[in-house]
Amino acid sequence: MKYKRIRILRTDYDKKQKDLADCLGLTRSTYSNYENGLREIPVEVLSRIADYFDTSVDYLIGRTDEKMPYPRRKE
């Protein structure tokens with residue numbers, strides 16, 4: 001499963017798909033399609049999911065096993 005870590009984090013936080021969908025401004029079915037790999041997650045949504053779980057996009061997509069997010073750039 002492509003987005004396995006998103007599902008794992010969601011269940012670890014005791015959240016339902018509807019909770020995340022509402023937070024992201026999506027329908028539950030759209031979020032479900034993302035989580036189940038039936039639809040690609042747009043970068044901006046993936047970034048918001050990473051922010052929600054305080055992790056990095058790289059962790060969510062399996063490019064790293066480090067859960068800690070990268071330090072934020074000063075703007």
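Helices here are DSSP runs of H or I with at least four residues, numbered from the N terminus. This is a predicted model, where local features need pLDDT of at least 70, side-chain atom pairs count only at pLDDT 80 or more, and totals for chains, interfaces and linings use all residues. Residues are numbered from 1 along each chain as its sequence is written, and side-chain values use heavy atoms, leaving out hydrogens and water.

**View 1. Helix α1 and what follows.** Let's start with α1 (residues 4-12), whose buried residues (under 20% relative accessible area, 1.4 Å probe, protein chains only) are Arg5, Ile6, Leu9 and Arg10. Seen down the axis of α1, they fall within an arc of 135° (taken from the directions from the helix axis to the C-beta atoms), so they line one face of the helix. Just after α1, aspartate 14 takes a positive phi of about 55°.

**View 2. Arginine 5 and its partners.** The side chains of arginine 5 and aspartate 65 are joined by a polar contact of 2.5 Å. Aspartate 65 is in the segment after α5. Arginine 5 also lies over the face of tyrosine 59, at 4.2 Å from the ring centre (the cut-offs are CZ of Arg or NZ of Lys within 6 Å of the ring centre and within 35 degrees of the ring normal).

**View 3. A cluster of rings.** Now look for Tyr13, Tyr52 and Phe53, which ring pairs link into a cluster. Phenylalanine 53 is buried, with a relative accessible area of 3%.

Terms used
Buried < 20%, exposed > 50% of the residue type's maximum accessible area, 1.4 Å probe, protein only. Helix = DSSP H or I, 4+ residues; strand = E, 2+ residues; numbered from the N terminus. Polar contact = N/O pair within 3.5 Å; in protein donor to acceptor, adjacent residues only side chain to side chain. Phe/Tyr/Trp six-rings, centres within 6.5 Å; stacked < 30°, edge-to-face > 60°.
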